[in-house]
Every structure is written in structure tokens, then in C-alpha cells.
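Subject: Structure for you, with notes on surface contacts

Dear colleague,

Here is the structure I promised to pass on. Please open it beside this message, since the notes below refer to individual residues.

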Amino acid sequence: VERTDTAATRSRVSWRDLGRRCLVLNTVSGTLTPDDWPTGARPEIGAEATNLDEYLHAVAARRGVGVLPASVASQHPDPDVLYLPLAGAPPAVLHYVYPRTNPHPHAENLAEALRDAARPVLQSA
């Protein structure tokens, strides 16, 4: 959220709260859309961006709020943007990819470790 937004006084924001706000979308690498919220509770699109810098500038300019991985907060600090934890968000689906030909020597080892780590989560779903 932008630092002067009313949500900036909270220690966290909920998924439901975001449905009442304008949303900034990354149209190139983002996967989030208003369709990720239930019908009747979908946010409007306040701005579209094609890269992370545009995205953060749109949030800082109060064109909307955004949803980003926690890693972005530590790697891209911005004095005009406040990163808050998000509660109640649906699970994110991530994919590990590597080239079929000439992959890194440990690519398959990492793939197996990721499968092992995901197995308990997938079995409980």
C-alpha cells in the first residue's frame, strides 16, 4: 500500500479488504487478476504495469494496491511503499522449471527436493 493509505496504519491486511480497493496488475509477469476474488467482491483495476518498477510507482502514486511475494519487500525497498503481510490469500501455485537440454547438474536434485517438500502439503489438500 502507499504509505498514506488508510491501510498503512494496520499491521496486516486481509484478502477480503483488497477486494474493496483498486488493484495494480502486472500484465507481463503477474498472475493475479480480479477473478481471484469471489464474484461481487472483486477489486477494480486501478493501473496496469509491465515491470516491477512501474508496478511500485503505480502503488506509490495511489493508483491501486498490489500483491507481491514477500521477497520483493526485502529486495526492492521503496520509501513511498509500505509492505504489509497479507492474511487469507488463496494458495499460490508456483512452478519450478529448468531446461530440458543441458540443465544445471543439480537441477533434478532440486526438483526431487521440491517434490518431497510439497508431498505433505498435497496429501493434506
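The notes below cover the salt bridges and then a surface patch.

Please keep in mind that this is a predicted model, in which local features need pLDDT of at least 70 and side-chain atom pairs count only at pLDDT 80 or more, while totals for chains, interfaces and linings use all residues. Residues are numbered from 1 along each chain as its sequence is written, and side-chain values use heavy atoms, with hydrogens and water left out.

Salt bridges

Taking a salt bridge to be a side-chain nitrogen of Lys or Arg within 4 Å of a carboxyl oxygen of Asp or Glu, the count comes to five salt bridges. One of them joins the side chains of Asp35 and Arg42, with an N to O distance of 3.7 Å. For exposure, I use buried for under 20% relative accessible area, exposed for over 50% and partly exposed for what lies in between, with a 1.4 Å probe and protein chains only. On that scale Asp35 is exposed, at 58% relative accessibility, whereas Arg42 is partly exposed, at 37%.

Two further salt bridges involve helix α4, which spans residues 107–124; helices here are DSSP runs of H or I with at least four residues, and strands are runs of E with at least two, numbered from the N terminus. The side chains of Arg115 and Glu112 meet at 3.1 Å, N to O, and these residues are three apart in helix α4, so that about one helical turn separates them. Arg115 is partly exposed, with a relative accessible area of 39%, and Glu112 is also partly exposed, at 33%. Both residues belong to a network of salt bridges that links them with Glu108.

Asp116 and Arg119 form a salt bridge at 2.7 Å, N to O, and they too are three residues apart in helix α4, about one helical turn. Asp116 is partly exposed, with a relative accessible area of 38%, and Arg119 is partly exposed, at 38% relative accessibility.

Nonpolar patch

Tyr96, Tyr98, Leu110 and Leu114 form a nonpolar patch on the surface, and together they have about 340 Å² of accessible area, calculated by the Shrake-Rupley method with a 1.4 Å probe, where for residues only the protein chains shown count as cover. Patches are made of residues with over 30% relative accessible area and no salt bridge, with like charges joined within 9 Å and nonpolar side chains (Val, Leu, Ile, Met, Phe, Trp, Tyr) within 5 Å. Leu110, which is found in helix α4, is partly exposed, with a relative accessible area of 41%.

With best wishes
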